[in-house]
Amino acid sequence: MELVFARFLLLLCFSVSTLAVSSSSPAGLVPLLSLMARWTNVPSAISSSWNSSDPTPCKWVGVECDSAGNVVSLNLSSYGLSGRVGPEVGRLTHLRVLDLSSNNFTGEIPQQLGNCTQLEYLDMSHNGFTGEIKDDLSRLRNLSYLSLFSNSLAGEIPKSLFRIPSLEHVYLHSNNLSGSIPKTVGDMREVAYLDLHYNNLSGAIPDSIGNCSKLRELILTRNELVGVLPPTLGALENLVYLDVSENNFEGKIPLGSARCENLETLVLSYNNFNGRLPPELGNCSNLTTLAAVRANLTGNIPSTMGQLERLSFLYLSENQLSGELPPELGKCKSLKSLQVYSNQLEGEIPREIGDISKLKDLQLFQNRLSGEIPLGIWKIPSLENLLVYNNYLSGELPLEITELKNLKNITLFNNHFSGVIPQSLGMNSSLLELDFINNKFTGPIPPHLCWGNKLEVMNLGVNQLQGSIPSDVGSCSSLRRLILKENNFTGVLTDFSRMPDLLLMDISKNSISGSIPSSLANCSNITAINLSMNKLTGFLPLELGHLSNLVMLNLSHNNLQGSLPSELSRCKRLETFDVGFNQLNGSLPSSLRNWTSLSTLILTRNRFDGGIPLFLTDLGKLLELPMGGNLLGGEIPSSIGSLKSLTYALDLSENRFTGKLPSEIGNLILLQRLDISNNNLSGSLAVLEELDSLIELNVSYNHFTGPIPNLIHLNLTLSSFLGNSGLCVRCQPSGSVTCSGSDGLSPCNSPRDRKSLTRAATILIALASSLISVAVIVGLVFLVDSCRRNVFIINTFIRRMGGY
């Protein structure tokens, strides 16, 4: 409220002062003072200069006058001004230059600006202006320079704006303008620079653009334009720079006529064109940059590209280009960057590419290229980046690679390279990234890859490398990623000096022996360590607890021993902890309750003892808990039901658990795999019927009794229940386990099953029993009577026979 009142007083003072001097002041003084009264932030350079007592404003900061004392230029660019530009600006009718760029003005551009009909230069860019561009600006018939970019202007571009006949520079980019490009664009016969990028313009480019015969730069990047590029673009023989990227253009590319000789930059990327790159682009002899990334191009790369002797940058990546790389590209002697990755190119890399002596950047990855890299490429002294991964390339690395002093990134992964890596690689070079993963390299790691501590990525995994890991690796302070997995490395882990940038270390699946060095704690910012599947021995270093940024630690499948150090509880960001398949022992430290971000805890196949620790209930994000194959005992605590996030697995098998399953285990409604086999558990399995998410279950070799649980959704086999002599199978349909009575499981005939019969069924059974009893009695009576009659007949027959 005080600020509003202060501004009101300021306006009032200026109004009084301007009334006092209006009759005697030169033109411009009063409007300028009124303008300043609307500004909320005025630097001292202006406030101390703009003095109402001055007879003229012509010596004020940013103000210029003509010989008659009229203000003809107001340039306040980059003064940090804020507030609004008031309608008073329209009273500066002699203005030829108005530059308010790079300030913090807000609100709308006043329509009264149209009164400044002598304006030739208007720049209000880099502010916070909102609203629409007013039609009134079309009254500025002398305007040749219009710059309104980097504001928040919205609405459509007025058709009348493009009818200003003298416009040469139009910069409306980086706003929120919408609608289509007015067809009146063709009325700007003097326009040389038209920049409309970073807006929301839609529709097609008007054919009338061909009338802008003096156009040198046309930038339409990142809009929502559609349709085909008008053929009239090809008639703009003065065009030097054309960028239509990041739109939705389609159809063929109608460029490359004989009139394109002045074209230097052509950017067509991120559109939906149809067909191939026009061979006619070879006519654009001054072309230095051609970019058509992800432009839906098909077909071959035209051999006419070889005619572009001034071409420095060729970007044709992420298309469906096929065929072979044309050897004519070797004629592009000025080429510095050749990027054709993520296509369907095949065949060998032409040896002519090695003739491009200025080439710095060669990116051919994700194609179907085969054969060896031509030796000439390894001899290009300017080469900085060689990325050819995900191809079918083969061969050995020549010694010439060690002479490339400018080489920064060499990425060869997922190919068929073989042989020994030249042992002097890295010396006197600028290597930043080295990625040879998944090839067939043999021999040792070059000992000086990190010469000069510049190397950031050392990825040599999935090869056939051997020997020990050089000490150079452990002292490479610039290293961010170290992947040496799946090789044949032996020896011990090197000591690690201060390596603050290392984020990932994967040396898994080798034959590394010895203990884990405590110096690993010097990798203070590391987030992931994988040393699994080696031959590591000894204890877990207490110093691992200093790795406060650690997210993943995998030490499984080694020969580690001892207990888990409580210091590990300091790794509060840990999400995955895997020490399965070792010889670790003891109970789990209660301090591990600090692992509140943990999602995977794997303790399988060790010698841990004690019971299931109660602190596990604090691990609310736990998704997987395999603890099988240990010496854990006691009852399964009811607190296990608090781990409601458990999803992937709960494995308590091959331990010494006793007692019954707690009913709370039914709370694990997300659980998919449950294995409690090979324990001494007893009682009923009925609680498992509540686990609808189960896809695997194993309760074998315990002492469970009663019916197998009704788990219709599971494709269970009887092997999941073996070794439980007290279990039985219900005879009524209740899942996929049938009432077979085999494999030691008998059909159920328990009182519980009889109780489950309905009253009607009981009556029917009783009735049937009565009928059977009556039938038996009748049968016996009939049998006795029949026997008596048979005896009588036999006696009679004997007597008669005796009579003879």
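**Exercise 1.** Which side chains meet in a salt bridge at 2.8 Å, N to O? Locate both partners and classify their accessibility.

*Solution.* The model is predicted.

Step 1. The pair is R294 and E318, whose side chains meet in a salt bridge with an N to O distance of 2.8 Å.

Step 2. R294 sits in the loop between β21 (289–291) and β22 (298–299), and E318 in the loop between β23 (313–315) and β24 (320–321), so the bridge ties together parts that are 24 residues apart in sequence.

Step 3. Partly exposed covers the range between 20% and 50% relative accessible area. R294 has a relative accessible area of 46% and is therefore partly exposed. E318, at 22% relative accessibility, is partly exposed as well.

**Exercise 2.** Find the sign of phi at R294, and do the like for M533.

*Solution.* Step 1. As background, most residues other than glycine have a negative phi.

Step 2. For R294, phi is near 45 degrees, which is a positive value in a residue other than glycine. The residue is the loop member already placed between β21 and β22.

Step 3. For M533, phi is near 55 degrees, again a positive value in a non-glycine residue. M533 belongs to the loop between β41 (528–530) and β42 (535–538). Its relative accessibility is 37%, so M533 counts as partly exposed.

**Exercise 3.** State how many salt bridges the model has, then describe the one formed by E108.

*Solution.* Step 1. The criterion is a side-chain nitrogen of Lys or Arg within 4 Å of a carboxyl oxygen of Asp or Glu. By this rule there are 12 salt bridges.

Step 2. E108 pairs with K134, and their closest N and O atoms are 2.9 Å apart.

Step 3. E108 is in strand β6 (residues 104–108), while K134 is in the loop between β8 (128–130) and β9 (145–147); the pair therefore ties together parts that are 26 residues apart in sequence.

Step 4. With 43% relative accessibility, E108 counts as partly exposed. K134 also counts as partly exposed, at 22%.

**Exercise 4.** Decide whether the contact between D136 and R139 passes the salt-bridge cut-off, and classify the two residues.

*Solution.* Step 1. The closest N and O atoms of D136 and R139 are 3.8 Å apart. The cut-off is 4 Å, so the pair forms a salt bridge.

Step 2. D136 has 22% relative accessibility and counts as partly exposed. R139 has 37% and counts as partly exposed too.

**Exercise 5.** Identify the residues with the most contacts in the largest nonpolar core, and the element that gives this core its largest share.

*Solution.* Step 1. The largest nonpolar core holds 209 residues, and L194 and F577 touch the most other members.

Step 2. The elements giving two or more residues to this core are α2 (29–37), β3 (71–75) and β57 (726–729).

Step 3. The largest share comes from α2, with 5 residues.

Step 4. A general tendency fits here: in soluble globular proteins, nonpolar side chains tend to be buried together.

**Exercise 6.** Name the members of the patch of positive charge on the surface, and place K360.

*Solution.* Step 1. The patch gathers K336, K358, K360, K408 and K454.

Step 2. K360 lies in the loop between β26 (346–348) and β27 (361–363).

Step 3. Patch members need over 30% relative accessible area. K360 has 36% relative accessibility, so K360 counts as partly exposed.

Key
Residues numbered from 1 in each chain as written. Predicted model: local features only at pLDDT ≥ 70, side-chain atom pairs only at ≥ 80, totals over all residues. Heavy atoms only, no water. Patch = residues over 30% accessible without salt bridge, like charges linked within 9 Å, V, L, I, M, F, W, Y side chains within 5 Å. Areas by Shrake-Rupley, 256 points an atom, 1.4 Å probe, with all protein chains shown as cover. Lys, Arg positive; Asp, Glu negative; His and termini not counted. Charge placed at Lys NZ, Arg CZ, Asp CG, Glu CD. Helix = DSSP H or I, 4+ residues; strand = E, 2+ residues; numbered from the N terminus. Buried < 20%, exposed > 50% of the residue type's maximum accessible area, 1.4 Å probe, protein only. Core = buried A, V, L, I, M, F, W, Y, C linked by side-chain atoms within 4.5 Å.
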